[in-house]
Amino acid sequence: MSPSPLRLQVYVLSRFLAGIGAALAVIASVIVLIDFVELSRTLGGRQDLTFTQLLGLTLLKSPAIILQLLPFVFLFGAMGSFVAMNRRSELVAMRAAGVSAWRFILPAAAAAVLIGIATTTLFNPIASALNARFEDAQAVITQGPRDGPAEIWLRQGDDRQ
Amino acid sequence: MDDDGTIHNLFIDRDGGDGRDSMVMAREGRLLTRGGKPMLNMSHGANQEFSKAGSLNFLSFDQYVLDLKPLMGPDRPVIYKLSDRYPHELFFPDLNGAWERANVRKMLAEGHSRIAAALYSLAFMAMAVTAVIGGSFSRMGYGVRIAVVACAALIVRVAGFSVQAAAGSGPAWNFLQYLVPLGAGAVALGLLFAGRTRAPPLPAGANA
């Protein structure tokens, strides 16, 4: 039985996506960590903010920054996956077998284009909405009850003196 | 509350913070607007308040006006940052708003930069491939080549942000937002295939 003609492309694509996933995990973790520390420093002084609330604010803010750094996720993810394939001499074997470079670039390029389109049309609006919610929540925390008026309680009595 | 906005036998407790609570009691109060601000005009009552020194101040009054404006929420319209707006708001802004009218170019530049961002993924992927397989084989690894390409990617991205800032003042620059990543990707692929198709130089005297 002859192997599928797309087997090579599928393999390269799977290695590329694994590299992208690993790079995304590392970069996203760093961004979330930095955001969490920053928010803890700026808003954490308020005693009414719990750890869970700080984490929630961080998760609202981070996606927009992660999207800004997404091209670098592709850069380092692609580098990682192709360096790994090169170390295992897989690329050398492909080239020695006469496989065109396009055959192992095109799957990665197609994935980059598709993920880029999904980023622009799907993830970007979601990140914008989450960031807007973060701005609202931050405004309520920083300018709400603290800088606003004190609590007031008003009662109307009955006609009895 | 009566139909004319009159409230009878009022009791108001205000938490001033730091233990400086105050209480106002009045026989009658009326909600009204003065100078565009909501007010509570109270009559025949007394105000009790702790001073900073901790003593109790007692003030009886025939008429006392309480400004309710500070108790209202902020009435300024919420203006989201460009990065917080949806793409359709950037390309088709509501020009009824003064802020939108003043920043329509920046909104357009931000919209184009969102679309161009997808091209950076493609360009950086091409640069990464070029870094790994674009040059000759090296037993020492590809550290230097990868570092050079990473710096080049950083420069390309910073150039993209600069072009976006320029497009904020002149929409004619928006096409450059697409040209920067496309150019970087084309150069990377050009280097990759130029390196692969270039024949190695023949040693001296090989044809002899």
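How many helices and strands does chain A have? I looked this up first and found 5 helices and 1 strand. The model is a predicted one, and I kept that in mind for every entry below.

**Entry: the two chains**

I read the elements of chain A from the N terminus on, and they run α-α-α-α-α-β. Chain A holds 161 residues, and buried residues make up 39% of them.

I then turned to chain B, which has 5 helices and 4 strands. From the N terminus on, the order in chain B is β-β-β-β-α-α-α-α-α. Of the 208 residues in chain B, 36% are buried.

**Entry: helix α1 of chain A**

I went through helix α1 of chain A, which covers residues 7–42. Ile34(A) is found in this helix. Is Ile34(A) buried or exposed? I noted a relative accessibility of 54% for Ile34(A), so this residue counts as exposed, the cut-off being over 50%.

Ile34(A) is also part of a nonpolar patch on the surface, formed with Val26(A) and Val30(A). I wrote down about 270 Å² of accessible area for the three residues together.

Ile27(A) lies in helix α1 of chain A as well. I found 16% relative accessibility for Ile27(A), which means that the residue counts as buried, the cut-off being under 20%. I also took one distance from this residue: the C-alpha atoms of Ile27(A) and Phe76(A) are separated by 9.9 Å. Along the chain, Ile27(A) and Phe76(A) are 49 residues apart.

**Entry: salt bridges**

Side chains of opposite charge can pair when their charged atoms come close. I counted salt bridges over all chains and got 5. I recorded three of the pairs in detail.

Glu38(A) forms a salt bridge with Arg41(A), and the closest N and O atoms are 3.2 Å apart. Both residues lie in helix α1 of chain A. They are 3 residues apart, about one turn of the helix. How accessible is each partner, buried, partly exposed or exposed? Glu38(A) counts as partly exposed because its relative accessibility is 31%. Arg41(A) is exposed, with a relative accessible area of 61%.

In chain B I looked at Glu100(B) and Arg85(B), whose side chains meet in a salt bridge at 3.3 Å, N to O. Which parts of chain B does this pair tie together? Glu100(B) lies in helix α2 (residues 98–102), and Arg85(B) lies in the loop between β4 (56–67) and α1 (87–91), so the pair ties together parts that are 15 residues apart in sequence. I checked accessibility too, and both Glu100(B) and Arg85(B) are buried.

The third pair is Arg114(B) with Glu110(B), where the closest N and O atoms of the salt bridge are 3.1 Å apart. Arg114(B) and Glu110(B) are 4 residues apart in helix α3 of chain B, so about one helical turn separates them. I noted both Arg114(B) and Glu110(B) as buried.

**Entry: the second largest pocket**

I looked up the second largest pocket and found a volume of about 390 Å³. Which residues are the closest to its centre? Of the 22 lining residues, these are Ala64(A), Gln68(A), Asn124(A), Glu110(B) and Arg114(B). Glu110(B) and Arg114(B) are the partners of the salt bridge noted above for helix α3 of chain B.

I listed the elements that give two or more residues to the lining of this pocket. From chain A they are α2 (51–68), α3 (70–87) and α5 (101–143). From chain B they are α3 (104–133) and α4 (143–167). The largest share, 6 residues, comes from α3(B). By class, I found 10 nonpolar, 9 polar and 3 charged residues in the lining.

**Entry: the cavity**

I searched the whole structure for cavities of 30 Å³ or more and found 1. About 50 Å³ of space lies in the largest cavity. Which residues line it? I wrote down Ser113(B), Ala116(B), Tyr120(B), Arg157(B), Gly160(B), Phe161(B), Gln164(B) and Gln177(B).

In chain B, α3 and α4 each supply at least two residues of this lining. The largest share, 4 residues, comes from α4(B). By class, the lining of the cavity has 3 nonpolar, 4 polar and 1 charged residues.

Conventions
Residues are numbered from 1 along each chain as its sequence is written. Chains are lettered from A and ligands numbered from 1 in the order in which they are written. This is a predicted model: local features need pLDDT of at least 70, side-chain atom pairs count only at pLDDT 80 or more; totals for chains, interfaces and linings use all residues. Side-chain values use heavy atoms; hydrogens and water are left out. Patches are made of residues with over 30% relative accessible area and no salt bridge: like charges are joined within 9 Å, nonpolar side chains (Val, Leu, Ile, Met, Phe, Trp, Tyr) within 5 Å. Accessible areas come from the Shrake-Rupley method with a 1.4 Å probe; for residues, only the protein chains shown count as cover. A salt bridge is a side-chain nitrogen of Lys or Arg within 4 Å of a carboxyl oxygen of Asp or Glu. Buried means under 20% relative accessible area, exposed over 50%, partly exposed in between (1.4 Å probe, protein chains only). On a 1 Å grid over the protein atoms alone, a cavity is a set of points where a 1.4 Å probe fits but cannot get out, and a pocket is an open set with protein on both sides within 12 Å along at least five of seven lines; lining residues have an atom within 4 Å of a point. Grid points are joined across faces, edges and corners, and a volume is the space filled by probe spheres set on the points. Ala, Val, Leu, Ile, Met, Phe, Trp, Tyr, Cys and Pro count as nonpolar, Asp, Glu, Lys and Arg as charged, and the others, Gly among them, as polar.
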